[in-house]
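Please consider the following protein chain and its three-dimensional model. The account below moves from the overall architecture to individual side chains.

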Amino acid sequence: MGDWFLLYLLGENIDTVIFHNCKHLEDGGLEGLVHLKSTLKRLQVSGCYNLRDSCFDVVVLLSAIEQLRLFDLLYVKDIQDRKCVV
């Protein structure tokens, strides 16, 4: 079973996720956050150099999100626009 399945099972208790210096996190890697859409309040993504703007489309589906921290993302061009989604 994949890691996202584990998050799905534990999803009702997860309110904070931090991805920092995740060298192997790539496009599509954040899609599983949708399983946490009703509980995830804080999300930080930093130093993950394989991500692009489209990876953050899932953020609009996170209905409970209160804090979004995005920084040190080399290939994310519109980082300010992504933060405004919240």
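The protein contains two helices and three strands. Read from the N terminus, these elements follow the order α-β-β-β-α. The coordinates are those of a predicted model, and every statement that follows should be read with that in mind. The protein has 86 residues, of which 38% count as buried. Contacts that link remote parts of the sequence are well represented: among contacts between residues at least 6 apart in sequence, 71% join residues at least 24 apart.

The strands provide a convenient starting point. Together, the three of them form an open sheet with parallel pairing, in the order β1-β2-β3. Strands β1 (16–20) and β3 (67–71) occupy the edges; each has a single partner strand, so one side of each is left without a neighbour in the sheet. From one strand to the next, the twist averages 0 degrees.

The pairing of β2 with β3 can be followed residue by residue. Strand β2 comprises residues 42–46, and its parallel pairing with β3 extends over five bridges. Arg42 stands opposite Gln67 in β3, while Ser46 has Phe71 of β3 as its bridge partner.

How do the side chains of β3 divide between the two faces, and which of them are buried? In a regular strand, side chains alternate between the two faces of the sheet. Strand β3 shows such an alternation: Leu68 and Leu70 point to one face and are buried, whereas Gln67, Arg69 and Phe71 point to the other face and are not buried.

Attention may now turn to the nonpolar interior. The largest nonpolar core consists of 23 residues, and those with the most contacts inside it are Phe19, Leu30, Leu33, Leu43, Val45 and Phe56. The elements that contribute two or more residues to this core are β1, β2 and β3.

Charged side chains present another kind of contact. Side chains of opposite charge can pair when their charged atoms come close. In this model the count comes to one salt bridge. It joins the side chains of Arg42 and Asp15, with a nitrogen-to-oxygen distance of 3.0 Å. This pair links distant parts of the chain, since Arg42 belongs to strand β2 and Asp15 to the loop between α1 (3–10) and β1, 27 residues apart. Arg42 has a relative accessible area of 29% and is therefore partly exposed. Asp15 likewise counts as partly exposed, at 32% relative accessibility. Arg42 thus appears twice in this account: it stands opposite Gln67 in β3, and its side chain meets that of Asp15 in the salt bridge.

The cysteines complete the survey. How many disulfides does the model contain? The count is zero. For Cys22, the nearest cysteine sulfur is that of Cys48, 4.2 Å away, and Cys22 is in no disulfide. The reason lies in the cut-off, because a disulfide requires two cysteine sulfur atoms within 2.5 Å. Cys55 is also in no disulfide; its nearest cysteine sulfur, again that of Cys48, is 9.7 Å away. As for solvent accessibility, Cys22 is partly exposed, with a relative accessible area of 24%, whereas Cys55 is buried, with a relative accessible area of 7%.

Definitions and conventions
Residues numbered from 1 in each chain as written. Predicted model: local features only at pLDDT ≥ 70, side-chain atom pairs only at ≥ 80, totals over all residues. Heavy atoms only, no water. Pairing = 2+ DSSP bridges. Helix = DSSP H or I, 4+ residues; strand = E, 2+ residues; numbered from the N terminus. Axes fitted to C-alpha atoms, helices over the stretch in contact; angles between N-to-C directions. Salt bridge = Lys/Arg side-chain N within 4 Å of Asp/Glu carboxyl O. Buried < 20%, exposed > 50% of the residue type's maximum accessible area, 1.4 Å probe, protein only. Core = buried A, V, L, I, M, F, W, Y, C linked by side-chain atoms within 4.5 Å. Contact = heavy atoms within 4.5 Å.
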